[in-house]
Amino acid sequence: MARQRKRPEPGEAELSMTPMIDVVFQLLIYFVVTNKPVDVITNLDVFRPAPDRSAPKDTPPPNLVRLGVYKDGYTVNEVAATLPVLDQALARLAALDASQTIMITVSSFSEHGQLIKALDLCAKNGLTSLSIVSAAN
Amino acid sequence: MARRRRNQQPDAEMDMTPMIDVVFQLIIFFVTTADLQAKALDTSVRMAMAPNGPVEEVKDPRTVTVDVDKDGRISIMRTPLTENQLLGALVNARNTSGQSTPVVIRGDVTTSHADIKRVMDLCGRAGLWKLRFAALKEKAS
């Protein structure tokens with residue numbers, strides 16, 4: 001609000017800024033007090049292959065990495081693994097080729113949090129081509 | 001706000017009241033609408049932590065967020081849905097915004113995968129293939 005004034009005129013009413021500043025401070029305090037920190041949410045992308053009825057049910061190609069999520073733990077290419085071992089295995093795989101497809105087989109009895117942990121490790125190692133298959137057992 | 005004055009004319013003070021009114025209206029509008037976004041999420045769903053997940057800069061406005069609580073109950077925007085209703089909503093989303101409409105599944109950390117699978121299968125039946133799982137990157141302290 002640049003206001004140029006060459007000479008003050010007598011009897012001019014000045015605009016008092018004090019009440020406005022008071023109100024602005026009130027608002028500021030209100031927002032600072034009521035402001036709640038928000039959780040940062042991330043979205044983990046997956047690809048879900050459509051069941052292809054015409055495709056023969058043969059074994060998946062050998063270069064496909066198979067990750068299993070079960071109620072009591074994880075497997076990498078059918079070998080049982082804990083989370084740190086899984087992390088190391090995924091880091092090795094990502095170093096070879098980060099664009100390779102990881103096929104994640106999830107047991108119906110596992111908890112959703114376990115799948116998220118596995119997907120988190122994939123995201124950590126830069127593996128983005130993730131395919132999710134649900135197993136009945 | 002430059003103001004020119006002629007020397008001999010009486011000074012007309014600018015009235016601040018309408019401006020303050022408008023500013024307050026804007027503040028009230030933003031405060032109420034900002035809250036709506038948070039209220040749409042089901043607070044009973046405790047999401048799993050994924051500290052390494054990517055952060056989305058721009059959210060696709062077509063996104064459909066499906067909540068699945070720990071007992072497998074499905075809801076969208078806090079509205080409980082049966083499987084058929086969810087399928088109808090997803091088909092509707094596919095018809096209006098296309099096959100690439102992203103579906104975000106917000107599952108509880110203890111939700112059984114069988115319940116998540118039901119939602120994923122319904123997405124498949126509706127013809128939506130862009131699935132994502134919501135997780136917590138950082139928990140607010």
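## Helix packing in chain A

Helix axes here are lines fitted to C-alpha atoms over the stretch in contact, and angles run from 0 to 180 degrees between N-to-C directions. With that in hand, let's look at this predicted model, starting with two helices of chain A. Helix α2(A), residues 83-96, packs against helix α3(A), residues 112-124, at an angle of about 35°, and the two axes are 9 Å apart. The crossing of α2(A) and α3(A) is right-handed.

Which residues make this contact? From α2(A) come A:L83, A:L86, A:D87 and A:L90, and α3(A) answers with A:K117, A:A118, A:L121 and A:C122. By class, the contact of α2(A) with α3(A) has six nonpolar residues and two charged ones, with no polar residues.

## Parallel strands in chain A

Chain A also offers a run of parallel pairings to trace. Strand β2(A), residues 65-70, is joined to β5(A), residues 102-107, by five bridges, and these strands run parallel. To find the register on screen, start from A:V65, which stands opposite A:I102 in β5(A).

Strand β5(A) also pairs with β6(A), residues 130-135, again in the parallel sense and over six bridges. Here a handy marker is A:M103, whose bridge partner in β6(A) is A:S131.

## Helix packing in chain B

Now for chain B, where helix α2(B), residues 83-97, meets α3(B). Their axes come within 9 Å and cross at roughly 40°, which makes α2(B) oblique to α3(B). The crossing of α2(B) past α3(B) is right-handed.

On the α2(B) side, the contact is made by B:E83, B:L86, B:L87, B:L90, B:V91 and B:R94; on the α3(B) side, by B:R118, B:L122, B:C123, B:R125 and B:A126. Sorted by class, the contact of α2(B) with α3(B) contains seven nonpolar and four charged residues, and no polar ones.

## Where the chains meet

How many residues does each chain bring to the contact between A and B? Chain B contributes 39 residues and chain A contributes 35. On the side of chain B that touches chain A, β4 (103-107), α3 (113-126) and β5 (130-138) each supply at least two residues. Of the elements there, β5(B) gives the most, with eight residues. The residues on this side of chain B divide into 20 nonpolar, nine polar and ten charged.

Strand β5(B) also takes part in a pairing between the chains: β1(A), residues 40-47, and β5(B) pair in the antiparallel sense over eight bridges. If you would like a place to begin following that pairing, look at A:T42, whose bridge partner in β5(B) is B:A135.

## Confidence

How confident is the prediction for chain B? The chain averages a pLDDT of 84, and 89% of the residues score at least 70. Among the elements of chain B, helix α1(B), residues 17-39, has the lowest mean pLDDT, at 82, while α2(B) has the highest, at 92. For the model as a whole, the scores are ipTM 0.72 and pTM 0.73.

Methods:
Residues are numbered from 1 along each chain as its sequence is written. Chains are lettered from A and ligands numbered from 1 in the order in which they are written. This is a predicted model: local features need pLDDT of at least 70, side-chain atom pairs count only at pLDDT 80 or more; totals for chains, interfaces and linings use all residues. Two residues are in contact if their C-beta atoms, placed from the backbone, lie within 7 Å. Helices (H or I, at least four residues) and strands (E, at least two) are DSSP runs, numbered from the N terminus. Ala, Val, Leu, Ile, Met, Phe, Trp, Tyr, Cys and Pro count as nonpolar, Asp, Glu, Lys and Arg as charged, and the others, Gly among them, as polar. Two strands pair if DSSP finds at least two bridges between them. Angles under 35 degrees count as roughly parallel, over 145 as roughly antiparallel, 65 to 115 as roughly perpendicular and the rest as oblique. A crossing is left-handed if the near helix is turned anticlockwise from the far one by less than a right angle, and right-handed if clockwise. pLDDT is the predictor's confidence in each residue, from 0 to 100.
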